[in-house]
Amino acid sequence: MSETPSFRADRIDRADLDRLVGVLDLQAALPDIRRLRDWAHAALAVRPGERVLDVGCGTGSEVVVFAGSAVAVGVEPNPGMCAVAAARAGASPARFVAGDAYALPFADGAFDAVYCERVFQHLAEPERAAAEIARVLRPGGRAVVIDADWTAALQDNRVLGEALSATVTNPFAGDELPDRLAAAGLRVTDTCARTVLTATMIALLARKAAGYGVSMSDTPDAPLSFRADRIEPGDLDRLVEVLDQQAALPGIRRLREWAHAALAVRPGEHALDVGSGTGSEVRVFAAAVGSAGDAVGVEPNPGMRAVAAERATGSSARFVDGDAYALPFADGAFDVVYCERVFQHLAEPARAAAEIARVLRPGGRAMVVDSDWATAIVHPGDPEVVRALGESMRANLANPHSGRRVPGLLTAAGLRVVDLGSQALVQEQSAATGPLVHMMGEAGVAAGVITADQRDRFFADLATAAAGGGFHLSVTMFAVLAQR
Ligand SMILES: C[S@@+](CC[C@H](N)C(=O)[O-])C[C@H]1O[C@@H](n2cnc3c(N)ncnc32)[C@H](O)[C@@H]1O
């Protein structure tokens, strides 16, 4: 056994392992390491359901923290350390995989956030690890990289210098971090420094560019999210394009016609659309309520509100900032509340249902429309691939079975369900080679649920079917009319 334990994967032997784990545990208990990690978790602000990777995760402590709410994976080159991490994680859903920071075993854009603590100091080529972190981050994804800078300590301490050279490949890793991350295309947005023993530990929060201003066809593989808290400015054009394309499909047109007929909004009434997106339905309400009434859209995304307001020129439709969980209106303020395809993005849809009931006047009507993603059909395609893509897609939605849950949620909120309409949102044949199918395939590869070969085969199968009119892609939407 060597006297100096090494954290370098290629140097750890079995006998070193226990000592290394002991050192990591001691360091983890130091107040300044704890504070640095607290800062890192707050800065990364990982949201429920996000995918997080810890590169060089050691004993796996931070992966377990991330796994409390996110889908968390630790990558670690040393199989013994991986085994320690897995044993300590116990019942936590944290996952650990063998892999090297120079060649992360994940697809491009597979993670929303990456954490990497005290790894670069052990790497002869840290720029390769920085490039890999940037590669596996989705556009707009965040990274926290922490490392030590021993410059001050080394200045007049030769003994420390000798000891360090045996354990650390690069004692200036922390100092170099800003340049390393910038060179990898990550933009540093925040920094935190702490002195731990004799080293200055530097933590950087960095963000991968979101691809501002690019059109959907330029980035067919970028993940797309309707969750207000995840919409990046660069995604906005693509989201608007998708909403417009869907709004033109017969399934949505028919269901909206049915919904408006069932709600029968009258002149002078006050109507609200929760999560109003591009504002199309608020404009319909504005025409129905006339100048004596009021038609409002609540939308938390400022970019989407701006699009809606611009499109509403000449209409009395208005748009305000707000969240379905805390509608900015008084009890009983509305005769009618509409909410379409929003609940599927909410982890706590019961809160939104309660808010809809609260802002309705007694006798007021609500219409909540949503898809149930268990009804999604993709045809043709290898059944295994289709199943894997469906499961992966559902796993990324906060509330994938929203459609079936709406009547129960509205009833629990004190409303009486009086009617239910439904339509399948069936895509056209041209969608077989369009952005939606493209994104499904790319997201499946990024999530590691299908291989690149399976994706290519999937694309080819659908394109061939569409040429003969045999492609099918649909999901069923349900519209629930309820009364207070
Ligand atoms: C699929 S779009 C539907 C937009 C519109 N209702 C339609 O059907 O065309 C989902 C919308 O829900 C909004 N949204 C997401 N989370 C929300 C929340 N917590 N409160 C209100 N709206 C939210 C998004 O910003 C987005 O505009």
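**View 1. The interface of domain 1 and domain 2.** In this predicted model, domain 1 and domain 2 bury about 660 Å² between them, with 41% of it on carbon and sulfur atoms. Buried area here is the accessible area (1.4 Å probe) that two parts lose on being put together, summed over both. Domain 1 puts twelve residues into the contact and domain 2 puts in six, where contact means heavy atoms within 4.5 Å. Look for R47, R51 and A107: on the domain 1 side, these supply 47% of the area buried against domain 2, more than any other three residues. As for cut-offs, local features need pLDDT of at least 70 and side-chain atom pairs count only at pLDDT 80 or more, while totals for chains, interfaces and linings use all residues. Residues are numbered from 1 along each chain as its sequence is written, and side-chain values use heavy atoms, with hydrogens and water left out.

**View 2. What the two domains do and don't share.** The domain assignment (automatic or from a database) gives domain 1 as 14-208 and domain 2 as 228-483. Their centres, taken over C-alpha atoms, are 39 Å apart. Zero salt bridges turn up across the interface of domain 1 and domain 2; the rule asks for a side-chain nitrogen of Lys or Arg within 4 Å of a carboxyl oxygen of Asp or Glu. Residue pairs in polar contact, both at pLDDT 80 or more, also come to zero between domain 1 and domain 2. A polar contact is a pair of N or O atoms within 3.5 Å; within protein, one must be able to donate a hydrogen and the other to accept it, and residues adjacent in sequence count only if both atoms are side-chain atoms. Still, the side of domain 1 that touches domain 2 has six charged residues, plus three polar and three nonpolar. For those classes, Asp, Glu, Lys and Arg count as charged; Ala, Val, Leu, Ile, Met, Phe, Trp, Tyr, Cys and Pro as nonpolar; and the others, Gly among them, as polar.

**View 3. R88 and D25, a salt bridge from helix to helix.** The closest N and O atoms of R88 and D25 are 2.7 Å apart. R88 sits in helix α4 (residues 79-89) and D25 in helix α1 (residues 14-28), so this pair ties together parts 63 residues apart in sequence. Helices are DSSP runs (H or I, at least four residues) and strands are too (E, at least two), numbered from the N terminus. R88 is partly exposed at 45% relative accessible area, and D25 is partly exposed at 31%. Buried means under 20% relative accessible area, exposed over 50%, and partly exposed in between (1.4 Å probe, protein chains only).

**View 4. E132 and R135 in helix α5.** This salt bridge has its closest N and O atoms 2.8 Å apart. Because E132 and R135 are three residues apart in helix α5 (residues 126-136), about one helical turn separates them. E132 counts as buried at 12% relative accessibility, whereas R135 is partly exposed at 23%.

**View 5. E125 and R128.** Here the salt bridge has its closest N and O atoms 3.3 Å apart. E125 is partly exposed at 33% relative accessible area, and R128 is partly exposed at 37%.

**View 6. A salt-bridge network.** R47, E50, R51, D112, R138 and R142 are linked by salt bridges. You've met R47 and R51 already, in the trio with A107 that supplies 47% of the area domain 1 buries against domain 2. Across the whole structure, the search finds 35 salt bridges.
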